[in-house]
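Welcome to the tour! Open your viewer, get comfortable with the rotate and zoom controls, and follow along one selection at a time.

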Amino acid sequence: MLTAQFMAVLDVFIVNVAAPTVRTELDASGAALQLIVAGYTITYSVLLITGARLGALFGHRRAVLGGLALFTAASLACGLAQSSGQLIAFRMVQGAGSALMIPQVLSLVQRHFAGQARVRALGVYAAVLAVGAAAGQVAGGVLVSADLFGTGWRSVFLVNVPVGLALLVLGRRELPRDGARAGGALDLVGLVLLGGSVSLLTVPLVLGQEEGWPLWSWLCLGSSVVLFALFWAYESVLARRGGAPLIAPRVLRLPGIGLAVFRVFAVMAVNAGYLFTLTLHVQGGLGYGALRAGLTFTPAALAFGAVGLTWRRWPQRWQRTMIPGGFVLAAAGTLGTGLALRGGGDGGAWLYVSFVVVGAGLSLGFSPTLTRALATVRPEDAADASGLLATVTQLGQLIGVAAFGALFLNRVEAQGAPGAYNSADALLLCAYALAGAAVLAAVSGLVRMRR
């Protein structure tokens, strides 16, 4: 299950490093390239909660195997795509497969593990989930540079096929059989309202920069707020009537879930914005090739994984301040990256120190948050809680890329022709913004601790 989880998260980011090659070979426009990168995340985020509900209604094992089959087939189609339009469509199908498969991971952990076994499983899950972000950049660079069998950028999709087929065989043998849950139904009205709200939010965030932020993009953003308000009102009414809402309002009232939602969103927004803007700088500003650009992120990935797997064994006196302290470390690390690269230089050894600090800090903000929040969730709430947190994870990534990416690109364009110096200046501005977001998350945690 964690291998499937890793593969799905990897695909959110693996295309970043391959994007320049994709653009050249498929003659993709800037807007098309953005949709190739973000199309996966859009359908993933819109359908995640429905995927969780389908698993609860028809069995988690069936949902995992069905989603994995769809994801694997779509990966093959992406690798064989002959145009940017085909690639966008197949990427969205990939996202749908992930949305059906991934929510079942948390649900299966909640239903089949208890006590310290559940805490350990959730800790490994959290580490895998976020290491996949940095590892996607590394894997993309390695695969594109290796040019396996002359496949070039196509290998970043085709590599999923043998892994997916192997997991289908293992899944049929190893996953516990579970039947459909009695009662309940799909909340189709809620799905339409939530899907519309998320789409109206994400599409202008993805395309607004490319199109110069026209009037329609602002109208869409405003409409997304209205539609989300309608969604929440409908869900509340449905819950009071004894129905099965897509997101049960009581889930946000579960112990620790509300704060966990905010912290997970903050971690993933900072993480995604940091990786995306840094990728733009090292490839566009410093002229790094795909392999070097991908390998640049290795220290952050290793630090994230190491901290995520070991934090539970750290001294007890550190546990209370661990999460806000992690956000402070992340703020220091992102700012350190911007300062190390200022002026158009390569950053030297201090750059890699900042990578380690960022990776460790974000891991402390993410892994304990997710583990502690879900460790106390009752089995009957597992599907709703996992779907909610998985959706927040994807929205955080999407909004982080869109917001900080727009800030970076606007700064570069304002200074004229792109170059190492202008790109570094834009990155430093983003570093200040990323550090501010991390500090805000740290302060919110401290305020909650004092209550």
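Over the face of which residue does R312 lie? Select R312 and W311 together: R312 lies over the face of W311, at 5.8 Å from the ring centre. Before you go on, keep in mind that this is a predicted model.

**Stop 1: another charge over a ring**

Now select R292 and Y288. Here R292 sits over the face of Y288, and the distance to the ring centre is 3.8 Å.

**Stop 2: rings that pair up**

How many aromatic pairs does the model have? The count comes to 8 aromatic pairs. Let us visit two of them.

Begin with F228 and F231. Their ring centres are 5.8 Å apart and their planes stand at 40 degrees, so this pair is tilted. Planes have to be under 30 degrees apart to count as stacked and over 60 to count as edge-to-face. Show helix 10, residues 215–240, as a ribbon: F228 and F231 are 3 residues apart in this helix, about one helical turn.

Is F231 buried or exposed? Turn on the surface to check: F231 is buried, with a relative accessible area of 0%. Its partner F228 has 39% relative accessibility and counts as partly exposed.

Next, select Y274 and F355. The ring centres of Y274 and F355 are 6.5 Å apart with the planes at 85 degrees, so the pair is edge-to-face. Colour helix 11 (residues 257–285), where Y274 lies, and helix 16 (residues 348–375), which holds F355; the pair therefore ties together parts that are 81 residues apart in sequence. Y274 is buried at 4% relative accessibility, and F355 is buried too, at 1%. Add Y352 to your selection, and you have one aromatic cluster made of Y274, Y352 and F355.

**Stop 3: helix 15 beside helix 16**

Keep helix 16 coloured and add helix 15, residues 322–340. The axes of helix 15 and helix 16 come within 7 Å and cross at roughly 155 degrees. Why do we call helix 15 and helix 16 roughly antiparallel? Angles over 145 degrees count as roughly antiparallel, so the crossing angle puts helix 15 and helix 16 in that class. The crossing of helix 15 with helix 16 is left-handed. Which classes of residue make up this contact? Sorted by class, the contact of helix 15 with helix 16 has 14 nonpolar, 9 polar and 1 charged residues.

While you are here, step to the loop between helix 14 (316–319) and helix 15, and pick R320. R320 is exposed, with a relative accessible area of 56%. Try your distance tool from R320 to A385: these residues are 65 apart in sequence, and their C-alpha atoms are 23 Å apart in space.

**Stop 4: helix 8 and two partners**

Select helix 1 (residues 2–26) and helix 8 (residues 160–174). These helices pack at an angle of about 155 degrees, and their axes are 11 Å apart. That angle makes helix 1 roughly antiparallel to helix 8, and helix 1 passes helix 8 in a left-handed crossing.

Now hide helix 1 and show helix 3, residues 60–80. The axes of helix 3 and helix 8 come within 9 Å and cross at roughly 165 degrees. Helix 3 and helix 8 are therefore roughly antiparallel to each other, and their crossing is left-handed.

Stay on helix 3 and click A74, which lies in it. A74 has 4% relative accessibility and counts as buried. Draw a line from its C-alpha atom to that of M92, 18 residues apart along the chain, and the separation is 8.7 Å.

**Stop 5: a glycine in a loop**

Where is G152 found? Look in the loop between helix 6 (115–146) and helix 7 (155–158). G152 is buried, with a relative accessible area of 9%. The C-alpha atoms of G152 and G79 are 9.8 Å apart, although 73 residues separate the two along the chain.

**Last stop: an enclosed helix**

Finish with helix 5, residues 103–112. How many of its 10 residues are buried? The number is 8, so helix 5 is largely enclosed by the rest of the structure. To see the buried residues of helix 5, select P103, Q104, V105, L106, S107, L108, V109 and Q110.

Technical notes. Residues are numbered from 1 along each chain as its sequence is written. This is a predicted model: local features need pLDDT of at least 70, side-chain atom pairs count only at pLDDT 80 or more; totals for chains, interfaces and linings use all residues. Side-chain values use heavy atoms; hydrogens and water are left out. Rings of Phe, Tyr and Trp (its six-membered ring) pair if their centres lie within 6.5 Å; planes under 30 degrees apart count as stacked, over 60 as edge-to-face and the rest as tilted. Helices (H or I, at least four residues) and strands (E, at least two) are DSSP runs, numbered from the N terminus. Buried means under 20% relative accessible area, exposed over 50%, partly exposed in between (1.4 Å probe, protein chains only). A charge sits over a ring if NZ of Lys or CZ of Arg is within 6 Å of the ring centre and within 35 degrees of the ring normal. Axes are lines fitted to C-alpha atoms, for helices over the stretch in contact, and angles run from 0 to 180 degrees between N-to-C directions. Angles under 35 degrees count as roughly parallel, over 145 as roughly antiparallel, 65 to 115 as roughly perpendicular and the rest as oblique. A crossing is left-handed if the near helix is turned anticlockwise from the far one by less than a right angle, and right-handed if clockwise. Ala, Val, Leu, Ile, Met, Phe, Trp, Tyr, Cys and Pro count as nonpolar, Asp, Glu, Lys and Arg as charged, and the others, Gly among them, as polar.
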